[in-house]
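Good morning, colleagues. Please have the structure open as I speak, since I shall move through it one region at a time.

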Amino acid sequence: TTAYLNGEFLPLQEARISPLDRGFLFGDGIYEVVPSYGGRMVGFSQHFARMEKGLAMVEIAPSLTEQDTRDICQHLIDSNRETLGENIGVYLHVSRGADTRRFHAYPEGVQPTVFAFAFALTAPVNADRTIHAGAKVAITQDLRWQRCHIKSTALLGNVMHFQQGYREGNAETILFNGDGQITEASSSNVFIVKDGEVLTPPLDNQLLPGITRMLVLACLQKAGIPHSESWFSVDELNSADEVWLTSSGKEILPVVQVGDKTIADGKVGPVWEQAFTLYSKLKFEL
Ligand code: PMP
């Protein structure tokens, strides 16, 4: 497949970066994953805006404009469609670049590394919804850092949480903080439905401001479905009528089992049906 590295398109197998790149040595970088279906990206400008904010927070100077970045992503989608199929995720990565010293301070005068490649997305819910049996997930205390709003390439904490659930056959691992409140999952945001109201935790340093989360909230708003950005506890999750996970790769994934607890009657719920229909219709327009 074709990839992008520091200003040029090239075969992915030929892409080379320095082992001194701080993305490699320190996990010192910011990334995005932009989903696309049939050649059309979902939420590109929202993904770009989040990336710019992340880069500003870690003081890496962005080297590409929004239009350049959009063109790179679109080119990767168009040139890889034949190989990868209709559903493609574009991984975008900016790391601080290669320094000759291994020294924690941000180096001066180092060119950031910009890398992007395309990969096949397998949506867990297919277009005709023949696959929409709910998922089983694990739940555990969040042991990551206190800056989860930054989409850092340093993902070991997330990877360890994901693996903990995956090892036992779970699709994800939902996380709760020291106060027993749900924050997010290892690579997704969390929603519950209780008595007709959709709840998702408000944005702060404990969770990533997911683009899919934002688009789903916009769909609910547009359709007049009651919803609120509010904290909820592990107990409230367990006794919810529905649980969903959202991410660029998962879209909206219904969950029917959390740890050893079955959610409601163990079936995919009606509010998920509604939300998924709305999202499928509006995802290219929001
Ligand atoms: N939380 C975490 C920790 C994530 O890694 C992700 C995405 N990979 C999300 C939430 C969902 O974000 P988005 O909808 O922008 O993909």
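I shall begin with a helix. On helix α4, the exposed residues L156 and Q163 sit on the face turned away from the buried side. That buried side of α4, which spans residues 156-166, consists of N158, H161, F162 and G165. These four cover an arc of only 100° around the axis, and so they lie on the same side of α4. As a general point, an α-helix has 3.6 residues a turn, so residues three or four places apart point the same way. What do the buried residues of α4 pack against? They pack against β7, at 135-141, and β8, at 173-176.

Before going further, I should state that this is a predicted model. The mean pLDDT of the protein chain is 96, and 97% of its residues reach 70 or more. The ipTM score is 0.99, and the pTM score is 0.97.

Let us follow β8 onward. It pairs with strand β9, residues 182-185, in the antiparallel sense, over 2 bridges. Opposite I174 stands A185 of β9. Together β8 and β9 make a hairpin with 5 residues between the strands, and in its turn G180 has a positive phi of about 80°.

I turn next to the sheet. Here 6 strands form an open sheet with antiparallel pairing, and their order is β2-β1-β6-β5-β3-β4. The edges are held by β2, residues 8-11, and β4, residues 40-41; each has a single partner strand, so one side of each is left without a neighbour in the sheet. At the β4 edge, strand β3, residues 29-37, runs antiparallel to β4 and is joined to it by 2 bridges. The bridge partner of Y37 in β4 is R40.

At the other named edge, the loop between β1, residues 2-5, and β2 contains N6. This residue has a positive phi of about 45° although it is not a glycine. N6 counts as partly exposed because 14 other C-beta atoms lie within 10 Å.

A further residue invites comparison. E251 is also not a glycine, and its phi is positive, near 55°. E251 belongs to strand β14, residues 251-258. Is E251 buried or exposed? It is buried, with 24 other C-beta atoms within 10 Å.

Now to the ligand. It is surrounded by 14 residues, of which the closest are L208, G210, I211, T212 and S248. Two elements give two or more residues to this shell, namely α5, at 211-223, and β13, at 242-247. The largest share, 3 residues, comes from α5. By character, the shell divides into 3 nonpolar, 9 polar and 2 charged residues.

I shall close with one of those closest residues, G210. Where does G210 lie? Its place is the loop between β11, residues 197-200, and α5. G210 counts as buried because it has 25 C-beta neighbours inside 10 Å. Leaving aside residues up to four places away in sequence, G210 touches N189, T246 and S247. Finally, G210 and R50 are 160 residues apart along the chain, and their C-alpha atoms are separated by 9.1 Å.

To recapitulate, G210 is among the residues closest to the ligand, and G210 is buried. Thank you for your attention.

How values were computed. Residues numbered from 1 in each chain as written. Predicted model: local features only at pLDDT ≥ 70, side-chain atom pairs only at ≥ 80, totals over all residues. Buried ≥ 20, exposed ≤ 12 C-beta atoms within 10 Å, placed from the backbone. Arc of directions from axis to C-beta. Contact = placed C-beta atoms within 7 Å. Pairing = 2+ DSSP bridges. pLDDT = per-residue confidence, 0-100. Near = placed C-beta within 6 Å. Nonpolar A, V, L, I, M, F, W, Y, C, P; charged D, E, K, R; others polar.
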